[in-house]
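Below are some comments for a colleague at the bench, set out as numbered points. Please read them with the sequence and the coordinates open beside you.

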Protein chains: 2
Amino acid sequence: MSRKVSSSDLVERVVAGERAAVARLISRSEHGEAEARRALGRIYRLAGRSHVIGITGVPGSGKSTLVGKLTEKLRAKGDKVGVIAVDPSSPYSGGAILGDRIRMSELAGDAGVFIRSMATHGATGGMAHTTLDAVDILDVAGFDTIIIETVGVGQDEVEIVKASHTTLVVTPPGLGDEIQAIKAGVLEIADIHVVSKCDRSDANRAIVDLKHMLMLGMGKEAPAWPIPVIGTSAVTGEGFDALVDAVAGHRRFASDSDAGRGRRLAIAQFRLRKTAETMLLQRFADDFNGGDTTLAAKLMRRDDDPYSLAADFLARTSLSREPLRSAS
Amino acid sequence: MSRKVSSSDLVERVVAGERAAVARLISRSEHGEAEARRALGRIYRLAGRSHVIGITGVPGSGKSTLVGKLTEKLRAKGDKVGVIAVDPSSPYSGGAILGDRIRMSELAGDAGVFIRSMATHGATGGMAHTTLDAVDILDVAGFDTIIIETVGVGQDEVEIVKASHTTLVVTPPGLGDEIQAIKAGVLEIADIHVVSKCDRSDANRAIVDLKHMLMLGMGKEAPAWPIPVIGTSAVTGEGFDALVDAVAGHRRFASDSDAGRGRRLAIAQFRLRKTAETMLLQRFADDFNGGDTTLAAKLMRRDDDPYSLAADFLARTSLSREPLRSAS
């Protein structure tokens, strides 16, 4: 394939389900190539058929194993499955982690599975919309279920996984207080809770604790979607059928309910905001790279302060030539 | 103290070292109050005397314990110490974690120590400049050493800790591959490596591995600052004197060397960029909150795509009435 394939040609090939085209178009979105925007826009309008599952959990919670098992179960039902692993990247190893761990499993040779790692290191705020571009590309290429996997620490990661139709939060048993508390930051986003490593003796305690926390968070009305807590074990194979059923159940709930429609509108709003913010920050970065060393040197000497200098800088760029409408 | 103290009065009280004023001015920066900007600008121009230490590591690496021990050692030398813990926050517990853990220690009643938690949950990109505002406020209030502590996952957290004069990366022994690899994402920012929990038998292995990785990353020239790897144990008390010496050594290195001057300029540049980005995103959010549900609904129906809609939206706001200078 020549280096010069147009993005619009790539769209045709993605529609035809060509794997190499899928990979290339995702890369163009990652690199923020302006030429690719029209093509990615077309992809967006063609997409919307797949079920998108977000999976998050702290490091060591067994997310990758869970993604692997879930993918196997969905494959057994005949679904084509795309996996996008949003990874903190390593400057030493030069690469992403979660995706590699899945890739090395028995799913490696299966044409009905596509796995892609998206590195967060060096991303300039565009990670969210790039990840969602990748979801759409896989959707248009014919993948029925698309799994987004992130580490559940960091606001961006949590926001991305929330932008899925069904969100799974994975908790391992027996972690220390610190990790449990950090974990609590993502508890509220779960449609389904998974307690992993349920072959361990302390797993039941984790399930009970989670159910207790969910009860504390509940109002008086019975919820439209009672959040299930499902124990799984990769060792015994326990729980994965129940998990697949719960995911299917939530998919039906989301497509029929007002809550589901509200969620899809919120995702669209998030998508629009992130895309606009990324465009704005890219323009800002272009301007900022121009003439800032004098300003920074002044700031370093403490001859002026960051607020005044930033306001001056913004006033001099075309980004805000006129005062904006202020918040009421 | 009345609710209506002006921020400019608070500056005088901060200069006088009044703890309540320090806490209140930090809160005003966190809430992004426009009234406080002039006062925070004045604080910035008055600051610049303290030594700022950034400490990061994965959950469970023993950061909080290390911060506690380091603070005790610095106090014993007569330093006043400020600690800013940048915490993922929990919607259930409603609060921050790391800072609380330190606060509960024997340092609690010491007037020469000030501990503040800054929650990341819900921050709209302003976490970096708010944290650096807090550093300046503590600086002006007379704290000699200021420690910024963050969890080493997530780009924002890593960037913040990099904006210190001396950066410590804490690695516990014997973690699994996944955590080690994530950790690798922050290895490059260390001025000093700390291997915690050195009473454990696998600690030596962690020290050897780290030294090996550092050697792989080195060029042919002897480095101006050879990065030390220091083992510490809160159980035996081992290593903390060596750590305090290494921090003092790096402080001397940074104040005398070209590398140190380059670092301070880079920090000023980072500060300016983050402040301007936050201002820009705040203006954007004000505009965006206005009339976006129609656009989002259009997007949800896939009648249009996020790139076109975002470009249209930006063109209609005063944020980018004219095309910006594009990157060359």
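1. I would begin inside chain A, with Ile55(A), which sits in strand 1 (residues 51-57) of chain A; bear in mind throughout that this is a predicted model. Ile55(A) is buried, because 27 other C-beta atoms lie within 10 Å, and the cut-off for that class is 20 or more. Once its neighbours within four places in sequence are left aside, Ile55(A) is in contact with Lys63(A), Leu66(A), Val67(A), Ile147(A), Glu149(A), Val161(A), Leu168(A) and Val170(A). Of these partners, Val170(A) is 115 residues away along the chain, yet the two C-alpha atoms are separated by 7.3 Å.

2. Three of the partners of Ile55(A), namely Lys63(A), Leu66(A) and Val67(A), also appear among the buried residues of helix 4 of chain A. The other buried residues of that helix are Ser64(A), Gly68(A), Lys69(A), Leu70(A), Thr71(A) and Leu74(A). What span should the 14 residues of helix 4 (residues 63-76) of chain A have? At 1.5 Å a residue they should cover 20 Å, and the end C-alpha atoms are indeed 20 Å apart, so the two values agree. After helix 4 of chain A comes Gly78(A), with a positive phi near 100°.

3. Helix 6 of chain A can be read in a similar way. It has 14 residues and reaches 20 Å from its first C-alpha to its last, close to the 20 Å expected at 1.5 Å a residue. How many of the residues of helix 6 of chain A are buried? The count is 14 of 14, and the helix is accordingly described as mostly covered. Gly142(A) follows helix 6 of chain A and has a positive phi, near 100°.

4. Asp144(A) belongs to the loop that links helix 6 (127-140) to strand 4 (145-151) of chain A. Is Asp144(A) buried or partly exposed? It counts as partly exposed, because it has 17 C-beta neighbours inside 10 Å, and a buried residue would need 20 or more. Not counting residues up to four places away in sequence, Asp144(A) touches Ser50(A), His51(A), Asp79(A) and Lys80(A). The C-alpha atom of Asp144(A) is separated by 9.7 Å from that of Gly112(A), which is 32 residues away along the chain.

5. Lys197 deserves a look in both chains. Most residues other than glycine have a negative phi. In Lys197(A), however, phi is positive, near 55°, and in Lys197(B) phi is likewise near 55°. Lys197(A) lies in the loop between strand 6 (192-195) and helix 9 (203-217) of chain A, while Lys197(B) is placed in the loop between strand 6 (192-195) and helix 9 (203-217) of chain B. Lys197(A) is buried, because 22 other C-beta atoms lie within 10 Å, and Lys197(B) counts as buried with 23 such neighbours inside 10 Å.

6. A contrasting lysine is Lys77(B), in the loop between helix 4 (63-76) and strand 2 (81-87) of chain B. Lys77(B) is exposed, because it has 11 other C-beta atoms within 10 Å, and the limit for that class is 12 or fewer. Its C-alpha atom is separated by 57 Å from that of Tyr307(B), 230 residues away along the chain.

7. Tyr307(B) leads to the contacts between the chains, where it is one of the residues that helix 13 of chain B brings to helix 11 of chain A. The axes of helix 11 (residues 258-288) of chain A and helix 13 (residues 306-316) of chain B come within 9 Å and cross at roughly 60°, and the crossing is right-handed. Helix 11 of chain A contributes Arg271(A), Leu272(A), Thr275(A), Ala276(A), Met279(A) and Leu280(A), whereas helix 13 of chain B contributes residues including Pro306(B), Leu309(B) and Phe313(B). The residues of this contact divide into eleven nonpolar, one polar and one charged.

8. Helix 13 of chain B also meets helix 3 (residues 37-46) of chain A, with axes that come within 7 Å and cross at roughly 115°. Here Arg37(A), Leu40(A), Gly41(A) and Tyr44(A) face Pro306(B), Tyr307(B) and Ser308(B). By class, this contact has four nonpolar, two polar and one charged residues.

Note on methods. Residues are numbered from 1 along each chain as its sequence is written. Chains are lettered from A and ligands numbered from 1 in the order in which they are written. This is a predicted model: local features need pLDDT of at least 70, side-chain atom pairs count only at pLDDT 80 or more; totals for chains, interfaces and linings use all residues. Axes are lines fitted to C-alpha atoms, for helices over the stretch in contact, and angles run from 0 to 180 degrees between N-to-C directions. Helices (H or I, at least four residues) and strands (E, at least two) are DSSP runs, numbered from the N terminus. A crossing is left-handed if the near helix is turned anticlockwise from the far one by less than a right angle, and right-handed if clockwise. Two residues are in contact if their C-beta atoms, placed from the backbone, lie within 7 Å. Ala, Val, Leu, Ile, Met, Phe, Trp, Tyr, Cys and Pro count as nonpolar, Asp, Glu, Lys and Arg as charged, and the others, Gly among them, as polar. The expected span of a helix is 1.5 Å times one less than its number of residues.
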